[in-house]
Amino acid sequence: MSEEIKVDATMDLKGLKCPLPIVRVSKKVKDEMQVGQVLVAETTDPGAHADFPAWAKTSGNEIVKVEKGDVSKFYIKKLK
Amino acid sequence: MNREKIGTITDLMKSRLTKPMQYYLDLCTRCGLCYDSCHVYYGIPKREYTPVGRAETLRRIFRKYFRPSGRFFPYWGEARELDDRAMEEVREAAFSCTGCRRCMVNCPFGIDTGYLMTMAKLMLIGNETAPEELVILADSAVEKGKSIGEFKEGFKSVVGDLEKIVQEKLGRSSPDGLIPMDNGGASVLYAGLAGAHSIVNPAVIFNAAGESWSLSFFEAVNFGAFLGDPEKMQFIANRIVKEAIQLGVKELVITECGTAYRIQRHMLGTLPFKVSSIVEVIDRYLREGRIKVKAGAISEPVTYHDPCQLGRNGGVFEEPRRIIGELCTDFREMTPNREHNWCCGGGGGLVALDNEKFRVQSGLVKRDQISATGAKLVVTACENCVSQLDTIKSGYGMDVEVKYLTELVADNLLL
Amino acid sequence: MLDLFAYIVMVPMVYLAFILFVAGMVWKLVRVFRSPSITGTLGLFPRELPRPLAVARDAFLVPSAFRKDRVFWVFIVAFHAAVLFLILGHCELVWNIPALQVIPHRVFLGAGSVGMVMMIGTLYFLFRRFGAPVREISVPEDYFLLIILFLSILFGSILHLVDRLGIGAMHVPVQAYREYFAGLLTLNPRLPVMVSYSPHYAVMVIHIFFSNLFIMLFPFSKMIHAVFAFFAYSTARR
Ligand code: HEM
Ligand code: SF4
Ligand code: SF4
């Protein structure tokens, strides 16, 4: 994963309460992104590390990269 | 609307015809006593936002397909056919109702409008007009339950980072084991939420009390219930039940999430372990002397908002008051309170929807109630309530602070 | 023609009402009992009283109405208490019930006051529906039931009061009514002359007509609250 991923949009989800992170991300991906584009979601929620992959699986999108940290970054690629 | 769709929807209605549903559908005398029980009606005084107005939106359709009076004499009870317009109204009725059941207290028969709305919600699923947000959330939660194995490691590693925060707060020498997971033999399984606050503060409290506990992989909240899908609701709730049985815990402790508490505690029948709210557990620790708080640490005026699902629908009234009583010197009750407390407007999955203006309007009565106490700090014990109280606060520009009860306790522990 | 109508009301329609009432109630109850129960509870908190006591309190004291609308509460309680007396009164018209005669009285407990209370009650319920906000949630069923009930009580009260006060020497002995009911009960219907030739026979026919109508509608309308209320209370206090 050394190759730089082209990021098309970034979302700040820090400090949002349950269940807004997934709601916001899924809305954005569905309504505003093109297939193939990548969204970076920044979150402080530990739960996101299980919730985002589960969401990606049901919605048919892909998490191409996760940068873990105080603020974690999820690189989400829209597949359909 | 074509025949097939009507068939799908009426079949779904039929599948929800439980005993209580049968009573509630037939026995309303339309006396109007519940009329102004609903916080939504207080903020937006329209008939369709009254409890009986919502219920009648459903009943009119129901009568048309399930009762002789509606079939043969539709005018008698204003029975109406299913069409897109009717389903639009059903959606407005169901997804403006938080299921707070304040109307149930004020109905001479105890009709549970929130429960009636579960039928309405199921009809919307059949009509494919259920709120997309809730469908996604429920499906993700189900998926998480199915393939938890894939997500465990990612979650565990971030929880490891949280342990350092807990260590700092507790002043311990090592972070290891401060947030145990998969801890067979623990007596308590704790189900939190996605946010760090719902894990860190309870972790501080559990460690301070020397509890033998384990953090659940699953978030407590149940989007299946918000969506109104009984099967998903059951599946999502069972994820935690299974985990609790696997670990052999004696007690399942639910985070500050009213819905999760009510479902796990009151809607699943008998379980082989006890279900408690974190609020009850904190109260117990305090009374048993397992934790101590800085008595009277907070002198500004404080009020407590009874989350509907924890209070009138869950039975937890006095515990939070005892906890606050130890910490605060100027506690002020809202009027009314306890089982008569007004809903803040955040329940029923409504905070997940794109409806901020509506939620500010329907929060008017809560604004008025809080203002009347003069409190500067509003404490509550439900994630949805905190979100909604924050929305009300910014919507009306209120000069108050909203806090979780666990946060208040964790910040004022005597270690 | 009128005689035929009177006969139909006094005999076949009474049977029809009775059959519809019993069949309707049985059908309603069977359907409810066969519906699936729910897991868990829909009960409310706090639970200060044991369940049977809480149910009795909700049923007889109607606390929610007491809190919200004191006037309405007075009418609800008075009206429903009157319903009880009314049912007992009618039973005495059918059978001799010595237990009720501990305090000796002419048939119909309350000497006509029961009907008055119910008439005022139904009128109050009706007029209450003409005003906001109850008007907005009322449907034809609500008005029809109250009107039918009012007419039935009105003519029933006339029947009773005219007799009691001896207006125009109108009088039907209780014995004649008992004979009429006994005939109906033994499937050997007859109209005793004392009944059918009484000067206020027309009033009686009208009373029975509206009462039959009300009884027929009972299981199929919101009147089912008289039974389902107890199930609902029990659910709320579980
Ligand atoms: C548990 C007991 C019951 C409670 C709490 C109860 C409550 C009520 C209430 C609140 C109303 C007002 C409806 C309105 O605004 O119009 C009402 C109406 C009425 N009730 Fe009951 N009821 C009970 C049992 C019964 C029984 C046993 C009967 C009779 C057989 C009965 C007969 C009626 C009638 C005739 C009306 C007026 C009809 C109408 O409003 O359409 N109720 N009741
Ligand atoms: S349950 Fe709450 S939100 Fe729903 S109708 Fe009743 S009072 Fe209103
Ligand atoms: S208070 Fe109960 S019976 Fe009266 S209108 Fe409301 S839901 Fe119907």
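## Around ligand 1

In this predicted model, 22 residues surround ligand 1. The closest are C:His80, C:Arg129, C:Lys222, C:His225 and C:Tyr233. The ligand lies between chains B and C.

Four helices of chain C each supply at least two residues of this shell. They are α5 (70-94), α6 (113-130), α8 (140-165) and α12 (225-236). By type, the shell divides into 16 nonpolar, 3 polar and 3 charged residues.

## Polar contacts of ligand 1

Which side chains place polar atoms by an oxygen atom of ligand 1? C:Arg129 has a polar side-chain atom 3.0 Å from an oxygen atom of the ligand. For C:Lys222, the distance from a polar side-chain atom to a ligand oxygen is 3.1 Å.

C:His225 pairs with another element. An N or O atom in the side chain of C:His225 is 2.9 Å from a nitrogen atom of ligand 1.

## The second largest pocket

How many residues line the second largest pocket? The lining has 36. Nearest the centre of the pocket lie B:Arg16, B:Tyr115, B:Thr118, B:Met233 and B:Met267. The volume is about 810 Å³. Rolling a water-sized probe over the atoms shows where empty space is left.

Several helices of chain B each give at least two residues to the lining: α1 (3-15), α8 (113-126), α12 (223-227), α13 (230-247) and α14 (258-266). The most comes from α8(B), with 7 residues. Two domains of chain B take part. Domain 1 (3-129) and domain 2 (135-288) each provide at least three lining residues. The lining as a whole divides into 15 nonpolar, 14 polar and 7 charged residues.

## Around ligand 3

The shell of ligand 3 comes from chain B. One stretch of it is B:Cys28, B:Thr29, B:Arg30, B:Cys31, B:Gly32, B:Leu33 and B:Cys34. B:Val52 is also there. The rest are B:Cys107, B:Pro108, B:Phe109 and B:Ile111.

What kinds of residue make up this shell? It divides into 9 nonpolar, 2 polar and 1 charged.

## Chain B overall

Chain B has 20 helices and 9 strands. Its C-alpha trace spans about 75 × 50 × 35 Å along the principal axes.

Why does the radius of gyration of chain B agree with that of a compact globule? A compact globule with 415 residues would have a radius of gyration near 22 Å, and chain B has 22 Å, so the two agree.

Technical notes. Residues are numbered from 1 along each chain as its sequence is written. Chains are lettered from A and ligands numbered from 1 in the order in which they are written. This is a predicted model: local features need pLDDT of at least 70, side-chain atom pairs count only at pLDDT 80 or more; totals for chains, interfaces and linings use all residues. Side-chain values use heavy atoms; hydrogens and water are left out. A residue is near a molecule or strand if one of its heavy atoms lies within 4 Å of it. A polar contact is a pair of N or O atoms within 3.5 Å; within protein, one must be able to donate a hydrogen and the other to accept it, and residues adjacent in sequence count only if both atoms are side-chain atoms. Ala, Val, Leu, Ile, Met, Phe, Trp, Tyr, Cys and Pro count as nonpolar, Asp, Glu, Lys and Arg as charged, and the others, Gly among them, as polar. On a 1 Å grid over the protein atoms alone, a cavity is a set of points where a 1.4 Å probe fits but cannot get out, and a pocket is an open set with protein on both sides within 12 Å along at least five of seven lines; lining residues have an atom within 4 Å of a point. Grid points are joined across faces, edges and corners, and a volume is the space filled by probe spheres set on the points. Domain bounds come from an automatic or database domain assignment. The radius of gyration is taken over C-alpha atoms; the globule rule is 2.2 Å times the number of residues to the power 0.38.
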